[in-house]
Amino acid sequence: MTEPTHRPPRRISPADVLAQDTSNTAHLPGAGTKHRVLSGMQPSGDSLHLGNYLGALVNWVKVQEEFDAFFFIPDLHAITTPQDPEAVRHRTRNTAAQFIAGGIDPEKSVLFVQSQVPEHAQLAWVLMCMTGMGEAERMTQFKDKAAKQGTESAGVGLLAYPMLMAADILLYQPHGVPVGDDQRQHVELTRDLAQRFNSRHGETFVVPSGFYPENGARIYDLQHPTAKMSKSADSPNGLINLLDEPKVTAKRIKSAVTDDGTEVRFDREAKPGVSNLLSIFAAVTDRSIPELEEAYVGKMYGHLKVDLAEAVVERLTPIRTRALELLDDPAELDRLLDHGAAKARAVAAPVLAEVYSKSGFLTPSR
């Protein structure tokens with residue numbers, strides 16, 4: 001796979017975030033002794049896949065131990081293209097259940113659904129009014145999606161998506177935003193809008209840093225190991241979904257594409273298939289890739305696949321079991337999300353009130 005030619009984003013560790021000088025924002029929400037981080041994941045399918053889990057969720061679980069962590073399901077973003085309403089509700093609950101089953105603790109973190117906190121959409125309008133048309137049109141994701149759909153048929157929501165994302169972030173005054181590299185441009189726009197509002201109206205927002213976890217695993221499609229694992233892949237056979245039955249997971253791993261030769265060796269260019277399997281193995285077992293290479297000296301690809309299938313099934317089965325338990329009790333799951341939304345609004349509402357006041361809006365009499 002050809003790597004990006006642009007300079008890679010600066011990797012920020014928890015220690016880096018904790019060391020940031022926040023003296024100029026000490027009076028703001030989110031600037032307490034325990035720094036705040038926020039991230040989210042769209043409910044775009046019935047199940048999260050292994051790339052979502054190892055690339056994001058595993059790091060979120062670590063983050064919640066050290067930070068004041070806010071995690072949310074951005075269902076407003078999910079409707080930038082037409083969606084079946086019942087499917088949105090179903091996928092939102094599924095995503096929440098998998099967050100919790102994967103280790104997000106609603107008592108340690110604030111876990112909520114975006115649409116249940118109306119301040120997101122309210123702040124987004126203010127930020128849209130501060131964003132230049134050129135800025136919005138330069139967003140890579142908008143350009144890519146508009147090119148595929150045609151500009152005339154692309155919804156305005158695609159253009160406004162980054163401003164809503166900026167509102168998602170700025171409402172909670174986080175110092176760090178754990179995101180994938182593909183969201184770097186949106187985080188930079190968020191920083192620009194925060195600085196712009198602060199310059200016009202006085203210190204209001206913490207200017208957040210992109211938080212690109214050092215140990216996030218990059219997981220590729222099992223059938224096309226030069227492409228990232230994705231729900232939009234042409235075939236489901238390249239995916240490992242958290243809610244798949246164990247036998248399906250094992251079969252897909254054993255059917256994974258490998259490479260010429262027989263040597264089990266990590267080489268992203270020459271052996272993308274084997275390298276992907278080694279990356280997954282290392283991530284689910286916390287073993288190093290050199291250690292795994294040594295363990296498979298003189299062994300065939302088949303040995304690697306059989307052992308990897310067993311390791312992945314062992315790691316994912318408790319998550320699947322817990323997620324299904326939560327989905328069997330939607331009232332309890334909704335209660336947890338309602339509780340999270342209330343905690344989120346307690347933080348978001350005062351921030352929005354300050355923004356509205358500084359923007360010249362009248363304060364409601366009641």
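**Salt bridges, cores and helices in a predicted model**

Colleague: Which residue meets R345 in a salt bridge between side chains?

Modeller: The structure is a predicted model. A salt bridge requires a side-chain nitrogen of Lys or Arg within 4 Å of a carboxyl oxygen of Asp or Glu. The distance here, N to O, is 2.8 Å, and the partner of R345 is E119.

Colleague: How many residues apart in the sequence are R345 and E119?

Modeller: R345 belongs to helix α13, while E119 belongs to helix α4, residues 119-128. The pair therefore links distant parts of the chain, and the separation is 226 residues.

Colleague: Is E119 buried or exposed?

Modeller: A residue counts as buried when its relative accessible area is under 20%. Its partner R345, at 37% relative accessibility, is partly exposed. E119 has a relative accessible area of 4%, so E119 is buried.

Colleague: How many salt bridges does the structure hold?

Modeller: In general, side chains of opposite charge can pair when their charged atoms come close. The pair R345 and E119 is one such salt bridge. For the structure, the number of salt bridges is 14.

Colleague: How far apart are the closest N and O atoms of E354 and K358?

Modeller: Both residues lie in helix α13, 4 residues apart, which is about one turn of the helix. E354 is partly exposed, with a relative accessible area of 26%, and K358 is partly exposed as well, at 27%. These two residues form a salt bridge, and their closest N and O atoms are separated by 2.9 Å.

Colleague: Which residues are joined into one network by salt bridges that share partners?

Modeller: One of the salt bridges joins the side chains of E263 and R265, at 3.2 Å from N to O. E263 is partly exposed, with a relative accessible area of 47%, and R265 is also partly exposed, at 29%. Through shared partners, the network consists of E263, R265 and D267.

Colleague: Which residue is the nearest side chain of opposite charge to D221?

Modeller: D221 is found in the loop between β5 and α9. D221 is buried yet has no salt bridge. At 9.3 Å, the nearest side chain of opposite charge lies beyond the 4 Å limit for a salt bridge, and it belongs to R252.

Colleague: Which residue has its backbone nitrogen 2.7 Å from a polar atom of the side chain of D221?

Modeller: Beyond its neighbours within four places in sequence, D221 is in contact with A227, K228, M229, A233, G238 and N276. The side chain of D221 also has a polar atom that lies 2.7 Å from the backbone nitrogen of Q223.

Colleague: Which element gives the most residues to the largest nonpolar core?

Modeller: In soluble globular proteins, nonpolar side chains tend to be buried together. The largest nonpolar core has 57 residues, and those with the most contacts inside it are Y53 and F99. Elements that give two or more residues to this core include α2, β2, α3 and α13. With 10 residues, the element that gives the most is α12.

Colleague: How many residues are in the other core, which lies apart from the largest one?

Modeller: Members of this other core include Y161, L164, L170 and F197. F197 is among the buried residues of α8. The number of residues in this core is 40.

Colleague: How far apart in space are L243 and T321, C-alpha to C-alpha?

Modeller: L243 is found in the loop between β5 and α9, and L243 is buried, with a relative accessible area of 18%. Leaving out residues up to four places away in sequence, L243 touches D46, S47, N94, Q98, R320 and A323. L243 and T321 are 78 residues apart in sequence, and their distance in space is 8.5 Å.

Colleague: What is the distance between the end C-alpha atoms of helix α8?

Modeller: Helix α8 covers residues 184-201, which is 18 residues. The expected span is 1.5 Å times one less than the number of residues. This calculation gives 26 Å, and the model agrees, because its end C-alpha atoms are separated by 26 Å.

Colleague: Which residue just after α8 takes a positive phi?

Modeller: Within α8, the buried residues include H186, V187, L189 and T190. Just after this helix, a positive phi of about 95° is taken by G202.

Technical notes. Residues numbered from 1 in each chain as written. Predicted model: local features only at pLDDT ≥ 70, side-chain atom pairs only at ≥ 80, totals over all residues. Heavy atoms only, no water. Core = buried A, V, L, I, M, F, W, Y, C linked by side-chain atoms within 4.5 Å. Buried < 20%, exposed > 50% of the residue type's maximum accessible area, 1.4 Å probe, protein only. Contact = heavy atoms within 4.5 Å. Lys, Arg positive; Asp, Glu negative; His and termini not counted. Polar contact = N/O pair within 3.5 Å; in protein donor to acceptor, adjacent residues only side chain to side chain.
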